[in-house]
Amino acid sequence: MGSIETSLQENRVFEPAEDFVKQARVSGIAGYEALRAEAEADFEGFWGRLAKENLSWKTPFTKVLDESNAPFYKWFEDGVMNVSYNCLDVNLQNGNADKVAIIFEADGGEVTKVTYRELHARVCQFANGLKSLGYAKGERALIYLPMSIEAVVAMQACARLGIIHSVVFGGFSAKSVQERIADAGASVVITADEQVRGGKNIPLKPAIDEAFAIGGCESVRNVIIYQRTGGNIPFVEGRDLWLKDVIANQPTECEPEWLSAEHPLFILFTSGSTGKPKGVQHSTGGYLLWAKLSLLWTFDLKPNDVFWCTADVGWVTGHTYIAYGPLACGATEVVFEGVPTYPDAGRFWKMIQDHKVSIFYTAPTAIRSLIKAGGDLPTKYDLSSLRLLGSVGEPINPEAWVWYYNVVGGARCPIVDTWWQTETGGHMITPLPGVHGLKPGSCTQPLPGIAAAIVDETGTDVAKGNGGFLVIKKPWPSMIRTIWNDPERFKKSYYPADFGGKYYLAGDGANVDLDGYFWIMGRIDDVLNVSGHRMGTMEIESALVANPLVAEAAVVGRPDDLTGEAICAFVVLKQAAPQGAEAQAIAKELRDWVGREIGPIAKPKDIRFGDNLPKTRSGKIMRRLLRSIAKGEEITQDTSTLENPAILDQLKTSR
């Protein structure tokens, strides 16, 4: 993650090609400014027009925005619609029925294609299967599936019935699954026997059984299992059902449940600065509007594009830009199960070549790992189908950006470096490819209708060139509605009193340069961004302290060339600080423990043992000193307030 000094000295600007500007959906700075001016002049009229033009309504809305209970904003509330109908049925009516909706490539290279007609039939069968089991509007489904057509079908089937889904990334542990089942009050779990990644079969269903063994899953009536590998797994009679049996002989038509635009579509849990994950709740109408619009604008999507977002459906990127946005646009998209380096580091480039991908959307972590694996590898493949590249999850360092632009994009494809969050539902600040000159490392400017700004701690706008807190000053349709079952935490987290409770606080520090371009500088709270995945330091600390060997732990982030940020844990054991081989063994045990408690992505890269942590005399852990130690910096800060300054030397050794 670039520092403020480095990023803002970036003076290379890559202007869009003239022919790209001419054919773009939003063309030239005049096209962009016209949309911004419309939103400025008549905010509700702007969003109302877009919602009428882009979505199909069973009952049209009469009121655009209800601010009467701010910050619990409501959009298009009296409008009645269905997300699955907008993604599937609309495409059967507009001539896309036989267009390929999904090209699925499995880990082993097997390719399956489904048309909109076939996808609609599969979603209806799954929805009818759920109905036959008695599931209905308002219930919650926990989805713990590998990347697959089945994952998209499960999400769409839930949306069709008004069942609120909560997707959990397949890399999360049984304990993480259990917490999410309990918090959401899920009544059905949809999972698979195993997933396949990098040629290895990784069990999924046993984690569900383990979650049940932990307790708190009494709300679940059925576990539906997709047979991905045929692996030998435990089967609980009376609770567990095979997906193939649930959908057998079900009709391929299913009338959608017509819902208020404010009906919750999904809950997606994300790390917070406290230990407990937050259930981010998204709506039906406002969310889908922005999923569709941001895809059309940011990616300049055209009917003949082949769009590939490499995210997992367990993250919001996989919700908005795999499960919903592309289908609402009638696009053809690639869905991939696997890793970018299997069977070799040319996997992504071969897939772009084979499937004639024209829009490619991935994370800086993947880009950095592919540079490391073979910076000239893309030149060995035919990537001429590409016309646009995207980046998501974290700021991209300028040199990786330039490699992506020159080597993957052949210096002809604009890069849309998108800033957004689980809570925002879709892109907020991003270049528009037919509008903006691109500065490597900058997410550029807010999309039309998005009132992004940078303020100081009093909520006052800062002058250009100065850093501050990134806020959104006005509500927008796809915004988080609340934290599931915790409205007070929602207000405290996102509309804090420090800023008068009137601005959405993103939790990121940012800067705007003299050209009005935004630069994201990283989290202002105790949340790490590891490979584009948000991990709460408190969550990892809680997991470490739950280990019987550990007395105390503090977790900080440090810059990492591959993952952007790496997790560094400072640990005090209930015994004396270990040395040598014993320290290595305990460090491994603690890493594995965190992997089981949260998931492999939360494993600390560095573990440092000390007899104590650096604390002030009042007992407060001096995290800024720990951050300096983690980065290998000389400590120049005043340490006179420390109770135990000698501890700093002990903590410099990493395991």
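In which helix is E597 found? These exercises work that out and go on from there, using a predicted model.

**Exercise 1. Place E597, then decide whether it is buried or exposed.**

Step 1. Find the element. E597 lies in helix α18.

Step 2. Check the cover. The relative accessible area of E597 is 18%. Buried means under 20%, so E597 counts as buried.

Step 3. List the neighbours. Leaving out residues up to four places away in sequence, E597 touches S173, K175, S176, A543 and A546.

**Exercise 2. Describe how helices α17 and α18 pack.**

Step 1. Know what to look for. Two packed helices are described by the angle between their axes and the distance between the axes.

Step 2. Locate the pair. Helix α17 covers residues 537–545, and helix α18 covers residues 580–597.

Step 3. Give the geometry. The angle is about 115°, and the axes are 9 Å apart. The crossing of α17 and α18 is right-handed.

Step 4. Name the residues that meet. From α17 come I540, A543 and L544. From α18 come L590, W593, V594 and E597.

Step 5. Sort them by type. The contact of α17 with α18 holds six nonpolar residues, no polar ones and one charged residue.

**Exercise 3. Build the sheet that contains β28, β29 and β30.**

Step 1. Set the order. Three strands form an open sheet, β28-β29-β30, and the pairing is mixed.

Step 2. Find the edges. β28 and β30 are the edge strands, and each pairs on one side only.

Step 3. Add the twist. From one strand to the next it averages 25°.

Step 4. Take β28 with β29. They pair in the antiparallel sense over 10 bridges. A hairpin of three residues joins β28 to β29. One bridge links G557 to its partner I567 in β29.

Step 5. Take β29 with β30. These strands run parallel and are joined by four bridges. F570 has R608 in β30 as its bridge partner. A569 has I607 in β30 as its partner.

Step 6. Add the helices. α17 packs on the sheet and touches β28 and β29; its direction makes about 145° with that of β28. α19 also packs on the sheet, touching β28, β29 and β30; its direction makes about 55° with that of β28.

Step 7. Check the cover of β29. This strand is mostly covered: 10 of its 10 residues are buried.

**Exercise 4. Say which residues of helix α19 are buried, and what covers them.**

Step 1. Locate the helix. α19 runs over residues 623–631.

Step 2. List the buried residues. They are L625, L626, S628, I629 and A630.

Step 3. Find the cover. It includes β28 (550–560), β29 (564–573), β30 (606–609) and α20 (647–650).

Step 4. Look just past the helix. There G632 takes a positive phi of about 75°.

**Exercise 5. Lay out the sheet of seven strands and explain why one side of each edge strand has no neighbour.**

Step 1. Recall how strands pair. Strands of a sheet pair through backbone hydrogen bonds, either parallel or antiparallel.

Step 2. Write the order. The open sheet reads β5-β4-β17-β16-β18-β19-β20, with mixed pairing.

Step 3. Explain the edges. β5 (111–115) and β20 (415–417) stand there, each with a single partner strand, so one side of each has no neighbour in the sheet.

Step 4. Give the turn. Neighbouring strands of this sheet are turned by 20° against each other on average, direction ignored.

Step 5. Take one pair inside the order. β16 (residues 306–309) and β18 (residues 359–362) run parallel, joined by three bridges. W308 stands opposite F360 in β18.

**Exercise 6. Count the disulfides, then account for C124 and C158.**

Step 1. Apply the cut-off. A disulfide needs two cysteine sulfur atoms within 2.5 Å. The count comes to zero disulfides.

Step 2. Test C124. Its nearest cysteine sulfur, that of C254, is 5.4 Å away, and C124 is in no disulfide.

Step 3. Test C158. The closest cysteine sulfur to that of C158 is in C254, 12 Å away, which is too far for a bond.

Step 4. Check their cover. C124 has 0% relative accessibility, so C124 counts as buried. C158 also has 0% relative accessibility and counts as buried.

How values were computed: Residues numbered from 1 in each chain as written. Predicted model: local features only at pLDDT ≥ 70, side-chain atom pairs only at ≥ 80, totals over all residues. Heavy atoms only, no water. Axes fitted to C-alpha atoms, helices over the stretch in contact; angles between N-to-C directions. Helix = DSSP H or I, 4+ residues; strand = E, 2+ residues; numbered from the N terminus. Left-handed = near helix turned anticlockwise from the far one by under 90°. Contact = heavy atoms within 4.5 Å. Nonpolar A, V, L, I, M, F, W, Y, C, P; charged D, E, K, R; others polar. Pairing = 2+ DSSP bridges. Buried < 20%, exposed > 50% of the residue type's maximum accessible area, 1.4 Å probe, protein only.
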